[in-house]
Each structure stands twice: as structure tokens, then as C-alpha cells.
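Work through the exercises below with the sequence and the 3D view side by side. Try each task before you read its solution.

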Amino acid sequence: ETPPSPFGAPEELFLHARTLYARTEGSLYRSTDRAATWRLAARLPTLEALDFAIAPSGTIYAATATGVYSSADGVSWSPPEASSVDQAAPKDWIFQLVLVPGGARPDGETVIAGGRRGVWRSTDRGASWKPASRGIAVHFVESLIVIPNPEGTVLGTFGDGLYRIDREGRSWQRLLPQAGFEFPALAVDPHHPGRVYALGQSGAVGVSEDRGNSWVKLAQLRSDAVESFSVDPVHPDALYAGVRDGFGSRGEDVAYKSIDGGAHWTEILGDVLFDVAFEPNRPNVGFRLTASGIDKSTDGGNRWQRLPNLSEQLLGAGAFSILIGSRSGALYVGTENRGVFRSTDSGRTFRRINAGFSPLSGGLYPAVGSLIEDAAGDVYAALPFVGVFRLNPGHGWTAVNAGLPLETFVHLLIADPEIPGLLYAGSLGASVLRLEDR
């Protein structure tokens with residue numbers, strides 16, 4: 001049988017029962033030898049499937065523009081798709097399917113379908129559907145953070161405000177807006193469990209101790225747009241903020257630092273500040289990523305010096321993200337078109353690690369929008385519109401894109417601080433997806 005075209009990436013990849021599946025051009029292909037060979041697993045005769053999901057029971061579900069179809073073998077479908085598309089339910093353009101195992105019966109499973117009209121749920125293997133859009137607002141996802149508390153609380157900034165959901169929650173809860181903190185950038189404090197900081201677009205800095213229910217204003221920065229906001233994971237009560245003061249040609253990029261939990265701020269840089277990271281075992285050694293390059297500090301962030309000859313080492317690529325591994329202490333740099341580089345000597349030399357990434361023409365690679373680490377210390381890279389990859393030391397990168405809509409995935413990726421392999425990804429159109437990579 002014909003394998004997926006080698007000249008175009010499949011629309012979706014996912015793993016089930018140690019088998020790799022690829023959806024491409026409305027059909028589902030299966031590989032049991034790590035993508036060396038492929039066989040056709042499921043195809044609707046006259047409809048293009050926008051997504052597939054395979055339940056533990058073996059049932060295959062297909063999302064289409066006219067509803068959801070199910071099949072036991074990938075050949076015969078219920079309802080009988082060839083006779084009438086009007087028989088399918090729900091009456092919506094369905095583009096995403098997820099499965100939640102368990103239920104009232106031992107073989108129970110819940111199917112969740114996302115469509116243009118909202119979210120739908122079926123607990124009888126697709127025979128009937130009920131709406132399940134509780135608390136969801138269909139707007140752009142601007143930021144996501146996970147609070148390191150027993151509930152695994154997720155806070156998200158959407159186009160119409162701030163929302164919250166817990167790890168086991170069934171619906172998003174919209175938090176009431178508070179003056180000065182509309183559409184804030186959020187930063188969790190790893191030194192004080194449950195504490196969250198917010199930086200509003202107008203420069204108001206605030207803190208919440210109750211999972212985002214209420215905010216106390218701490219300071220006011222000169223700002224008209226927020227470019228970065230973070231809490232130093234090594235030094236308690238140290239915060240960094242990168243803002244844009246003014247608009248157009250009169251605008252100025254400014255970076256600030258606070259060493260007293262956000263109460264007072266000092267201007268540290270007249271440039272765009274993207275990120276700051278310090279070595280866990282040597283807290284005085286840190287790196288900051290700016291629009292002009294990467295700087296290094298050996299005194300806890302008081303003084304900074306540009307890394308010499310960095311552009312030549314990174315093959316002239318601009319840096320988009322940085323990360324210091326908690327286990328290895330290595331410095332990782334994600335670039336705009338050269339992949340990921342790693343330094344094991346505190347930034348003196350770099351080596352490129354791109355095995356597993358698909359190259360573009362001219363020896364270039366997709367942009368690396370962000371680099372994160374999960375609770376177990378595994379490193380993940382988020383490539384906009386390409387997907388999420390996990391680094392296997394000594395072997396390169398492995399794609400972990402099960403259920404991720406690659407055509408809308410940006411670089412928004414966060415990790416649960418307590419559960420290894422539990423990640424959340426944000427995409428254009430307010431889709432928030434959960435990945436359990438274990």
C-alpha cells in the first residue's frame with residue numbers, strides 16, 4: 001500500500017499501543033517499525049477525515065466536516081458514510097478528537113470532539129453527543145502557566161480575560177478582571193508555591209496568592225506592551241521584565257529587574273529582553289537573551305558581558321530561546337533557522353544538536369520558538385507550526401505531537417512542575433491541548 005508522501009509532512013502524528021500513526025490527506029497510516037514502513041489503517045471512501053482517534057477498545061473515530069464516524073476495522077463505518085452524510089452527529093464541522101478512558105462500564109470511554117460550534121462529548125462510542133463547552137471562550141491564547149500546587153492549576157490569558165482550570169477540572173473558570181491587570185503576562189514563583197505575578201500591558205505589576213482570584217498591585221512600570229516577564233528560578237524574589245515604552249518609531253525597548261519580589265524595579269537594559277537563565281549549581285553564572293545576542297554574568301546578574309564570537313559559533317543564526325538543563329547544567333540555545341545548539345562549557349563553545357528535526361532547503365531548519373524542561377528534567381523544543389520534540393541524550397530529538405494541530409501550533413509550551421511528561425500547548429484560535437508524554 002502507498003505510504004504517506006515523502007514530499008510533504010503528515011497533518012498529524014500520534015502513538016497508540018506502541019504503534020505510530022500518521023494522518024495525511026484524509027487517510028490514516030500505521031507503522032510498527034518506527035516509521036521505516038507504513039500501511040493503510042483507515043480511510044473513509046468519500047469523505048476526508050480531519051482527525052482520527054483510536055480508543056483502547058480498538059474503535060477508530062474519524063472527525064469530518066459533517067460529524068464523527070466510527071469503525072471497528074477502518075473499512076466499514078457507522079453511520080454508513082457512503083449512503084448519507086446527514087446521518088452523522090454532532091451536526092458540526094469537527095476538526096479534533098480526544099479520548100478519555102474509563103466510565104460507568106469497564107469498557108467505557110469518552111470521546112471529546114472539537115468543532116466550529118464548540119466542544120462535544122460522547123460516552124456511548126459515538127452513538128450520541130452532548131455539548132461540552134463549559135467555560136470555553138474561542139479566542140486567541142496569549143499565555144499559559146501552571147501553578148506548582150497539588151491541584152495542578154493552569155492559568156490562561158485569552159482574548160477576553162483570565163481563565164483557570166485545575167488538572168482534573170471539567171471546565172474553564174473565567175476570573176473577574178481587575179483594573180490595571182487586563183490581559184496580563186503571567187509568571188509563577190517557584191520559590192513560593194501558589195504565588196503568581198502579573199504584568200499588565202500598561203505596566204502594572206501585581207501578585208496573587210489565591211490562584212488568580214485577587215491581585216495586589218506592587219509597582220508601576222513605564223510600558224505600553226509586554227515582551228517578557230519571568231521569575232528567576234535560582235534567586236528568590238528576583239524578577240525580570242521586558243517592555244515596550246511608546247509606539248512606532250518613538251517606542252523604546254526597556255528591561256527591568258526587581259530583587260524584592262516586584263516592589264521596586266531598576267532599569268538594566270535598553271534593549272529587548274527575551275529570557276534570563278542561571279545555572280542551578282552555580283547561581284552566580286547566568287545568561288540573558290536579548291535582541292542583540294546573548295550576554296553572560298558571573299556575579300548573579302549585576303554585570304553582563306556579551307558572549308564573544310557567538311554569531312560565528314551559531315552559524316550566523318539569531319537566537320530565539322535559551323534553557324539551562326537542571327540535570328546537566330548545559331546551556332541550550334534555540335535559533336531562528338539553524339536548530340538547537342548546546343554548550344557544556346558555560347557558553348564558551350557550542351555544538352549543534354538537530355538529529356530528528358526535518359531540515360528545510362539550503363541546510364536551514366524550522367525556528368525553535370521555545371525550550372522547556374519537564375519535572376523529570378527532560379528537555380522539549382517547541383517549533384511553531386511543526387510541533388513538539390523531546391531530546392533523547394545521545395540520540396537526538398523525537399516528535400511528540402499526538403493530537404497537536406500543527407497548522408495552528410505556535411511556540412506556547414509549558415510543563416506541569418510535579419508530573420513528568422505532562423505538558424500543555426497553546427495554539428492559534430484558543431486551543432489548549434494536554435500532552436502526557438509518559
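**Exercise 1. Pair two neighbouring strands.**
Find how many bridges join strand 28 to strand 29, and in which sense the two strands run.

*Solution.*
Step 1. Five bridges join strand 28 to strand 29 (residues 331-335), and the two run antiparallel. Strands here are DSSP runs of E with at least two residues, numbered from the N terminus; helices are runs of H or I with at least four. Two strands count as paired if DSSP finds at least two bridges between them.
Step 2. Pick out one bridge: Ser321 has Gly334 as its partner in strand 29.
Step 3. Widen the view. An open sheet of four strands has the order 28-29-30-31, with antiparallel pairing. Its edges are strand 28 (319-324) and strand 31, each pairing on one side only.
Step 4. Recall the general rule: strands of a sheet pair through backbone hydrogen bonds, either parallel or antiparallel.

Before you go on, note the ground rules. The model is predicted, so local features need pLDDT of at least 70 and side-chain atom pairs count only at pLDDT 80 or more, while totals for chains, interfaces and linings use all residues. Residues are numbered from 1 along each chain as its sequence is written, and side-chain values use heavy atoms, leaving out hydrogens and water.

**Exercise 2. Describe the whole chain.**
State what the secondary structure of the chain comes to, and what share of its residues is buried.

*Solution.*
Step 1. Count the elements: one helix and 38 strands.
Step 2. Buried residues make up 52% of the 438 residues. Buried means under 20% relative accessible area, exposed over 50%, and partly exposed in between (1.4 Å probe, protein chains only).
Step 3. Look at contacts, meaning heavy atoms within 4.5 Å. Among those between residues at least 6 apart in sequence, 39% join residues at least 24 apart.

**Exercise 3. Follow strand 33.**
Is strand 33 enclosed or open to the outside, and which strands does strand 33 pair with?

*Solution.*
Step 1. Check burial. Five of the five residues of strand 33 (residues 379-383) are buried, so the strand is largely enclosed by the rest of the structure.
Step 2. Check each face. Val379, Ala381 and Leu383 are buried on one side, and Tyr380 and Ala382 on the other.
Step 3. Go to strand 32. Four bridges join strand 32 to strand 33 in antiparallel fashion. Leu371 stands opposite Ala381. The two strands form a hairpin with five residues between them, and Gly377 in the turn has a positive phi of about 90°.
Step 4. Go to strand 34 (residues 387-392). Strand 33 pairs with strand 34 over four bridges, again antiparallel. Tyr380 has Arg390 as its bridge partner. This hairpin has three residues between its strands, with Phe385 in the turn at a positive phi of about 65°.

**Exercise 4. Sort out an aromatic pair.**
How are the rings of Phe357 and Trp397 arranged, and which parts of the chain does the pair tie together?

*Solution.*
Step 1. Apply the rule. Rings of Phe, Tyr and Trp (its six-membered ring) pair if their centres lie within 6.5 Å; planes under 30 degrees apart count as stacked, over 60 as edge-to-face and the rest as tilted. By this rule the count comes to three aromatic pairs.
Step 2. Classify the pair. Phe357 and Trp397 are stacked, at 5.1 Å centre to centre and 15° between the planes.
Step 3. Place both residues. Phe357 lies in the loop between strand 31 (351-352) and strand 32 (370-373), and Trp397 in strand 35 (residues 396-399), so the pair ties together parts that are 40 residues apart in sequence.
Step 4. Check burial. Phe357 is buried at 6% relative accessible area, and Trp397 is buried at 5%.
Step 5. Add the third member: Phe357, Phe389 and Trp397 form one aromatic cluster.

**Exercise 5. Examine one serine.**
Is Ser258 buried or exposed, and what does the side chain of Ser258 make a polar contact with?

*Solution.*
Step 1. Locate Ser258 in strand 22 (residues 252-258).
Step 2. Ser258 is buried, with a relative accessible area of 0%.
Step 3. The Ser258 side chain makes a polar contact with the side chain of Asp260 (2.9 Å). A polar contact is a pair of N or O atoms within 3.5 Å; within protein, one must be able to donate a hydrogen and the other to accept it, and residues adjacent in sequence count only if both atoms are side-chain atoms.
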